Amino acid sequence: MTKIRRVRRASSAQLPASFRDPSGFLFRQNDTIYRQVNLVYKDDYDHLMDSGLYQALVGDNLLVPHEEVGIEPPVPEIAYKIIRPEVIPFISYPYEWCFSQLRDAALTTLKIQRKALDFGMSLRDSSAYNIQFKNGRPIFIDTLSFGKYREGQPWVAYRQFCQHFLAPLALMGYKDIRLSQLLCIYIDGLPLDLTGCLLPWRTRLRFSLLSHIHLHARSQKHFADKPVNVGQQRMSRYAFLGILNSLESTVKKLKWQRGGTEWADYYQDTNYSPQAFEHKKTIVAGFLDKVRPATVWDLGANVGVFSRLASDRGIPTVSFDVDPAAVEKNYLDYIARGDTNILPLVIDLTNPSPGIGWENKERMSLKERGPADAVLALALVHHLAISNNVPLSRIAGFLSDISHWLIIEFIPKTDSQVQRLLATREDIFPDYTRQAFEQEFSRYFTIDNSADIRESQRTLYLMHRVQR
Amino acid sequence: MNRLKHLGVTLAVVISLFLIFSQTVYASIDAGTFDQAARAYYIDPGTGSIIIQVLIGAFVGGLALIGVYRMRVKNFLTNLFTGRKQDKESDENKESEESE
């Protein structure tokens with residue numbers, strides 16, 4: 001009874017995403033995240049630390065480093081050790097990644113698995129949620145995913161790899177980039193039979209996709225209700241490496257070509273002059289220098305031109321856009337530049353990521369991951385107010401929930417970009433005026449500064465949230 | 001000449017098939033060392049997924065093995081040929097040195 005009570009008490013601090021694996025769990029204490037390693041995982045943990053695998057992975061920036069600490073375990077009866085993993089500045093999820101981010105996460109998982117085999121270990125799971133982006137690159141965060149490898153043992157995480165990585169990548173590459181959103185519905189990866197139905201027939205002509213997706217789905221269906229002793233199935237190391245090679249080459253061959261979606265060439269399609277553009281940059285940079293925020297969220301960032309103003313100042317910046325093509329370009333550009341402070345993500349602000357999974361708590365909603373110290377909302381309000389009919393007061397309310405400081409641009413109805421949005425619909429927005437904008441935002445924010453952008457009708461504001 | 005070619009192709013196919021299927025044979029030799037009871041996996045690996053994985057593994061692992069063996073045979077033959085040639089050359093050199 002005492003034990004049950006203790007477990008229950010401990011679970012109040014236990015993070016809601018960490019309950020499946022009996023090897024340990026994450027918990028929060030005094031605003032720091034720790035991981036309890038349970039006795040049942042002792043042998044594997046010791047092997048990870050003593051075999052040299054941990055050092056090799058951390059040395060290659062593939063695994064998040066941790067420190068062993070001497071604090072009281074929340075559930076001491078089953079505890080072996082407590083570790084404090086290095087903090088990931090912003091948690092993101094696979095349904096928010098662009099094609100190349102998911103592809104890089106898949107390749108990182110395979111690289112880790114290959115390295116683990118060299119040290120006599122193997123990944124016990126290959127969930128895409130085990131990967132996060134730190135300093136711009138994918139990194140594995142689940143220290144307890146490694147189990148000792150025994151000769152002849154197949155890869156237990158093969159199904160999960162196909163469902164979490166291969167299936168969404170194949171659908172994005174062969175069918176439509178927007179199908180990544182299926183990952184938000186299916187928390188344990190895409191069902192392979194569904195993936196098989198959606199993929200074009202020609203994917204059956206490629207051995208890798210035929211075997212890892214189509215035949216895999218048929219095999220799952222065939223053996224679904226048949227009791228087979230999986231432990232009887234043996235696979236030599238040669239075959240194991242063959243599977244890893246095959247998965248790696250399949251992932252590498254999957255490509256997505258940018259098809260010129262709506263906003264992909266947005267910055268070549270602006271209605272203001274290069275002088276106005278430069279002036280806008282100078283004003284935003286000036287506001288950032290004045291505020292010096294600890295973190296920045298750039299909402300509606302497109303390819304991240306203005307996010308770069310923040311990231312170049314060493315500020316960790318998350319760069320959101322609804323267009324997967326813009327996010328893809330943003331990601332590839334910052335990789336090429338070697339930028340480490342920017343994280344581009346696909347987010348539809350009219351329907352931001354919800355809390356999903358068990359009790360709606362396993363994966364956090366966008367709002368739960370805030371507030372950011374400063375939010376950039378440039379050329380955004382007219383999209384929300386006119387294309388999505390959100391009243392200005394509710395835009396101000398939402399932005400005040402997710403930011404301390406706000407750098408926001410107002411574009412009047414007379415601007416040709418707004419006219420373009422109104423071209424296909426009736427103007428039912430008599431309240432969309434600069435005066436109404438200032439009035440509504442003043443209910444939630446204090447306007448510290450405003451500046452008109454040269455050679456345009458646009459205005460930039462610097463505001464801070466009113467204390468509640 | 002044609003008969004020789006056919007024989008070569010048939011031999012290659014037979015060897016390939018042997019190597020592919022022998023993978024499962026190799027693997028089954030390891031059966032004694034695999035202690036299933038001790039490994040309690042917290043995720044369901046999926047019966048169908050394990051079975052298809054073992055089959056694909058046998059196939060791609062077999063292909064990789066063929067690649068390795070092909071290289072070995074090729075290297076062996078190349079060494080044999082160039083080795084003989086070198087031997088021949090060194091013999092000739094010796095002879096010419098002696099005649100001088």
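Start by selecting the place where the two chains meet: 39 residues of chain A and 33 residues of chain B take part in the contact. Keep in mind as you go that this is a predicted model. Between them, chain A and chain B bury about 3,300 Å², with 69% of that on carbon and sulfur atoms.

Next, stay on chain A and pick out A:V156, A:R234 and A:Y238. These residues lose the most area to chain B, and together they account for 21% of what the chain A side buries.

Now look for polar links across the boundary. Five residue pairs, both partners at pLDDT 80 or more, are in polar contact between chain A and chain B. Don't hunt for salt bridges here, though: the rule finds zero across this interface.

Switch to a cartoon view and colour four elements of chain A: β8 (146-148), α5 (158-174), α8 (207-222) and α9 (237-253). Each supplies at least two residues of the side that touches chain B. Of these, click on α8(A), which gives that side its largest share, seven residues. If you colour the chain A side by residue type, you will get 15 nonpolar, 14 polar and ten charged residues.

Finally, head for the cores. The largest nonpolar core has 117 residues, and the members touching the most others are A:F146, A:W155, A:W297, A:L399, A:I408 and A:F441. Select α5(A) again here, since this helix brings the largest share of that core, eleven residues. For a last stop, find another core lying apart from it; this one has 23 residues, including A:A276, A:F287, A:V303 and A:L309.

Methods. Residues numbered from 1 in each chain as written. Chains lettered and ligands numbered in written order. Predicted model: local features only at pLDDT ≥ 70, side-chain atom pairs only at ≥ 80, totals over all residues. Heavy atoms only, no water. Contact = heavy atoms within 4.5 Å. Buried area = accessible area lost by both parts, 1.4 Å probe. Salt bridge = Lys/Arg side-chain N within 4 Å of Asp/Glu carboxyl O. Polar contact = N/O pair within 3.5 Å; in protein donor to acceptor, adjacent residues only side chain to side chain. Nonpolar A, V, L, I, M, F, W, Y, C, P; charged D, E, K, R; others polar. Core = buried A, V, L, I, M, F, W, Y, C linked by side-chain atoms within 4.5 Å. Buried < 20%, exposed > 50% of the residue type's maximum accessible area, 1.4 Å probe, protein only.
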